[in-house]
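The following paragraphs lead through a protein structure, from its pockets to its surface and its charged pairs. Please keep the sequence and the coordinates at hand while reading.

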Amino acid sequence: MKPTCCDYCQFLISSQTNYTQTWFADHHQHFSHDAINRYLQNDNVTPDVVWEEVKGVIETSPDGFLVFDDSVSDKNHSHKMGLVRLQYSGNEHRLIKGIGVVNCLYVNPRTKRYWIIDWRVYEPDIDAKSKLTHMKEMFDDALNIKKLPFRVVLMDSWYATKDLMLHLHREGKTFYCPLKSNRLVDDSGGKQPYQAVSKLQWSQQDAAYGKLIKIHGFPGATKVKLFRVAITTNRTEWIVTNDLDQASTDDAKEMCTIRWKIEQYHREVKQTLGIEKCQCRSVRAQRNHIGCVILAWNCMSALAEKLKTNIYNLKKKMLSTYMRQELIQPSVLMTFV
């Protein structure tokens with residue numbers, strides 16, 4: 001009997017803290033460690049496999065959102081593991097050794113549900129592609145191949161490049177994204193030199209309704225709307241959009257809050273499905289582990305929606321079942337010595 005993708009995904013869902021092949025083999029009556037290892041070495045769980053599972057259940061909307069962001073699986077203690085490279089982690093706020101994955105999330109703004117529809121492993125030494133290239137390819141694929149209906153694209157400041165923003169604009173899509181504080185812009189209509197966005201002066205009206213600006217390097221007639229948004233008392237974001245009809249800072253902030261759904265996804269696959277915990281060394285095994293984690297997350301997300309709960313509670317409920325059974329029939333019986 002050989003393990004399948006479904007078997008491995010079930011293991012990821014059922015396990016609480018340990019996601020190694022050894023742990024899987026120790027608790028399955030049919031699968032040996034070698035059999036599990038052969039499965040991870042030989043399968044090919046690609047983004048297309050994930051899409052085949054998602055496309056039949058996704059709830060689309062003409063006002064849908066595509067959200068792009070990357071995450072880094074911490075592999076700081078690895079020495080000979082495929083896909084691991086030194087890269088910046090937003091979670092750690094520093095360079096770490098890890099595996100980078102660029103993700104594409106589809107959000108239905110009416111139901112608030114969301115699905116991972118595409119993902120790319122960041123391995124520039126193999127395919128010579130940057131994270132920006134991966135995002136552009138996934139956007140084009142969603143638009144032209146998957147033919148998903150969507151209106152808005154959300155992304156982090158890392159992806160707010162001139163080429164990407166203009167590409168989204170030319171395709172007729174609305175984008176919202178923060179600009180880095182040192183990004184050069186002009187709000188004077190060409191009367192003053194470009195200056196860092198953080199140096200702009202804001203009137204009371206500007207603060208409430210935003211201001212029209214030109215980003216350095218954009219074509220002459222192409223302008224965007226800029227909003228200054230207070231995230232916390234110590235943190236401000238400068239949100240830019242090509243929706244020139246947007247005239248409310250509060251509404252722009254509300255649009256951008258949808259971007260945090262992808263951060264929630266990143267936490268859940270790390271904390272409940274062990275995306276960082278695979279100890280395999282080969283590139284193929286690591287890719288298959290990531291693909292299976294995404295398949296398992298989409299499954300658990302659908303079940304959580306059906307039961308009106310969340311993925312954390314689903315995992316906790318498994319322990320509750322174990323606890324009840326242990327109190328009824330303890331595997332280790334308390335006795336007085």
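In this predicted model, helix H1 (5–14), helix H4 (47–54), helix H11 (283–306) and helix H12 (311–328) each contribute at least two residues to the lining of the second largest pocket. Among these contributors, H11 has the largest share, with 7 residues. The lining comprises 21 residues in total, and Leu295, Ala296, Asn298, Cys299 and Met300 are those nearest the centre of this pocket. Its composition by class is 17 nonpolar, 2 polar and 2 charged residues. The space in this second largest pocket amounts to about 440 Å³.

The largest pocket has a volume of about 1,000 Å³. Its lining is made up of 34 residues, with Tyr88, Gly90, Asn91, Asp156 and Glu263 lying nearest the centre. Two or more lining residues come from each of strand S1 (65–74), strand S2 (85–89), helix H6 (131–145), strand S6 (174–179), strand S11 (235–241) and helix H10 (260–271). Which element gives the most to this lining? It is H10, with 6 residues. By class, the lining of the largest pocket divides into 10 nonpolar, 12 polar and 12 charged residues, whereas the lining of the second largest pocket has 17 nonpolar, 2 polar and 2 charged residues.

These pockets belong to a protein chain with 12 helices and 11 strands. Taken along the principal axes, the C-alpha atoms of the chain fill a box of roughly 85 × 45 × 40 Å. Of its 337 residues, 48% count as buried.

Helix H12, one of the elements that line the second largest pocket, also holds Met323. This residue belongs to a nonpolar patch on the surface, formed by Leu319, Tyr322, Met323 and Leu327, which together have about 450 Å² of accessible area. Met323 has a relative accessibility of 44% and therefore counts as partly exposed, since the buried class is restricted to values under 20% and the exposed class to values over 50%.

Two further residues fall into that intermediate class. Asn144 is situated in helix H6, an element that also supplies residues to the lining of the largest pocket. Its relative accessibility is 40%, so Asn144 counts as partly exposed. Asn144 and Cys5 are 139 residues apart along the chain, and their C-alpha atoms are separated by 29 Å. Thr257 is in helix H9 (residues 249–257) and, because its relative accessibility is 36%, counts as partly exposed. From C-alpha to C-alpha, Thr257 and Val101 are 22 Å apart in space, with their positions 156 residues apart in sequence.

Attention now turns to charged side chains. Side chains of opposite charge can pair when their charged atoms come close. Over the whole structure, a search finds 17 salt bridges. One of them joins Glu59 and Arg113, whose closest N and O atoms are 3.3 Å apart. This pair links distant parts of the chain, 54 residues apart: Glu59 is in the loop between H4 and S1, and Arg113 is in the loop between strand S3 (94–107) and strand S4 (114–122). Are the two partners buried or exposed? Glu59 is partly exposed, because its relative accessible area is 30%, while Arg113 is buried, because its value is 14%.

A second salt bridge is formed by Arg287 and Glu123, with the closest N and O atoms 2.2 Å apart. Arg287 lies in helix H11, and Glu123 lies in the loop between S4 and helix H5 (124–127), so this pair ties together parts that are 164 residues apart in sequence. With 24% relative accessibility, Arg287 counts as partly exposed; with 11%, Glu123 counts as buried.

The side chains of Glu237 and Arg259 also meet in a salt bridge, at 3.6 Å from N to O. Here too the pair links distant parts of the chain, 22 residues apart, with Glu237 in strand S11 and Arg259 in the loop between H9 and H10. Both Glu237 and Arg259 are buried. Finally, Asp118, Arg120, Asp141 and Lys146 are joined into one network by salt bridges that share partners.

Terms used. Residues are numbered from 1 along each chain as its sequence is written. This is a predicted model: local features need pLDDT of at least 70, side-chain atom pairs count only at pLDDT 80 or more; totals for chains, interfaces and linings use all residues. Side-chain values use heavy atoms; hydrogens and water are left out. On a 1 Å grid over the protein atoms alone, a cavity is a set of points where a 1.4 Å probe fits but cannot get out, and a pocket is an open set with protein on both sides within 12 Å along at least five of seven lines; lining residues have an atom within 4 Å of a point. Grid points are joined across faces, edges and corners, and a volume is the space filled by probe spheres set on the points. Helices (H or I, at least four residues) and strands (E, at least two) are DSSP runs, numbered from the N terminus. Ala, Val, Leu, Ile, Met, Phe, Trp, Tyr, Cys and Pro count as nonpolar, Asp, Glu, Lys and Arg as charged, and the others, Gly among them, as polar. Patches are made of residues with over 30% relative accessible area and no salt bridge: like charges are joined within 9 Å, nonpolar side chains (Val, Leu, Ile, Met, Phe, Trp, Tyr) within 5 Å. Accessible areas come from the Shrake-Rupley method with a 1.4 Å probe; for residues, only the protein chains shown count as cover. A salt bridge is a side-chain nitrogen of Lys or Arg within 4 Å of a carboxyl oxygen of Asp or Glu. Buried means under 20% relative accessible area, exposed over 50%, partly exposed in between (1.4 Å probe, protein chains only).
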